[in-house]
Structure formats: structure tokens, C-alpha cells
Amino acid sequence: PGSSVHLYLPSSADPAESFEFPAASAALPGATGAGLLVEDEGAVRRLTRRVLEARGYRVLEAAHGGDALQLVLAHPDPIDLLITDIVMPGMSGQELAQRLLAMRPGIRVLYVSGYNDDAIRHHGALGAGTAFLQKPFTPDTLAAKISEVLRGGER
């Protein structure tokens, strides 16, 4: 039971180069706010947090909706942005956003998902004009989308 994946890479006599996470040369305009990152995949959550922090954002992070709501209740300072996966166990990103917006009406929301935009919209998960970013994304793509959402380009 299960799957096997075989990955064949060309051999090289050269030593492997180490990869360094690119640092932002400067924080983005408006990158002084706080964001709540909710992502059930630990590796994706950690990488996204590093991207956000490297660009000047303060980040609260949660693995699922229940943890996110607890964080918000315990965090008296403003939260400017919710970045949430759409499909998570227990509580969807949409349900989380609805609950969070009832508690803190001014928060902007950016949905992310490994499902493509067309599939999500086709099933009615997100309305037109809703901020969405397809996974996987690059650090620059994420930063640009966040900047757009915080400027009010999408709701």
C-alpha cells in the first residue's frame, strides 16, 4: 500500500552549492503590519513566515483555524492581514475568515491553495474579486500579492 517515487538527477563532480534564503533588500511599502498565517502544512507555514518576516511583517502563525482564533483572542494589537489555506482539517479557510472578520472587521484576507484558481472558483469556494494565490509561489510573488491586497486591490 502506498506509492513509490523515484527521482533521477544527473550526477556531478562539483560539490553541491548551498542555498541561502534571499533576503529582501528593503521592506515593501506598508510592510510594517501584522499578519496571521494559517497553514496546516508545517514546511509551507515556516517558509511563508520567513518570507514575510524578511520583508518586514510581524507574523502570528497557526496550524489550523482553532489555533488561529485563540491567537487572535490573546493578541490585542491590530492584525492587518489573514493569509490562510482554503482547505484545512476542522475548519476551512473561508469559515476562519468569516469568524475572524466578525471579531476584527478591518482585516484583509489572502487565500492560498494548492488547488488551482479555476477549480476553487468553479466549486463556488471563492467569489469574484477575492484575493487568491496559487501554491507553490515564489517569495516575490507572495510579497507582491500581499502588497496588492493591503493596498485594497482585492478584498
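Two strands are said to pair if DSSP finds at least two bridges between them, and with that rule in hand the tour of this predicted model can begin at a strand pair.

**First stop: strands 1 and 2.** Select residues 34-38, which form strand 1, together with strand 2; the two run parallel and are joined by five bridges. To fix the register by eye, pick Val-38, whose bridge partner in strand 2 is Ala-62.

**Second stop: the whole sheet.** Now extend the selection to every strand, and an open sheet of five strands appears, paired in parallel and ordered 2-1-3-4-5. Strand 2 (58-62) and strand 5 occupy the edges, each having a single partner strand, so one side of each is left without a neighbour in the sheet. Looking across the sheet, you will find that neighbouring strands are turned against each other by 20° on average, direction ignored.

**Third stop: two helices on the sheet.** Show helix 3 (residues 93-103), which packs on the sheet and touches strand 1, strand 3 (81-85) and strand 4 (108-113), while its direction makes about 160° with that of strand 3. Then add helix 5, which lies across strand 3, strand 4 and strand 5 and runs at about 150° to strand 4.

**Fourth stop: the loop before helix 5.** Between strand 5 (132-134) and helix 5 (139-150) there is a loop, and Pro-136 is placed in it. Display the backbone here, since the peptide bond that joins Lys-135 and Pro-136 is cis, with omega at about -10°.

**Fifth stop: the cavity.** Which residues line the largest cavity? Select Leu-37, Glu-39, Val-44, Thr-48, Ile-83, Val-112, Lys-135 and Phe-137, and the lining is on screen. The space inside the largest cavity is about 30 Å³, and the count of cavities of 30 Å³ or more comes to one. Lys-135 thus belongs both to this lining and to the cis peptide bond of the previous stop.

**Last stop: the whole chain.** Return to the full protein, which holds five helices and five strands, and follow the sequence through the pattern β-α-β-α-β-α-β-α-β-α. Colouring by accessibility would bring out the 37% of the 155 residues that count as buried, whereas the exposed surface amounts to about 9,400 Å², with carbon and sulfur atoms supplying 55% of it. A contact map adds one further view: among contacts between residues at least 6 apart in sequence, 64% join residues at least 24 apart.

Terms used
Residues are numbered from 1 along each chain as its sequence is written. This is a predicted model: local features need pLDDT of at least 70, side-chain atom pairs count only at pLDDT 80 or more; totals for chains, interfaces and linings use all residues. Side-chain values use heavy atoms; hydrogens and water are left out. Helices (H or I, at least four residues) and strands (E, at least two) are DSSP runs, numbered from the N terminus. Buried means under 20% relative accessible area, exposed over 50%, partly exposed in between (1.4 Å probe, protein chains only). Contact means heavy atoms within 4.5 Å. Accessible areas come from the Shrake-Rupley method with a 1.4 Å probe; for residues, only the protein chains shown count as cover. Axes are lines fitted to C-alpha atoms, for helices over the stretch in contact, and angles run from 0 to 180 degrees between N-to-C directions. On a 1 Å grid over the protein atoms alone, a cavity is a set of points where a 1.4 Å probe fits but cannot get out, and a pocket is an open set with protein on both sides within 12 Å along at least five of seven lines; lining residues have an atom within 4 Å of a point. Grid points are joined across faces, edges and corners, and a volume is the space filled by probe spheres set on the points.
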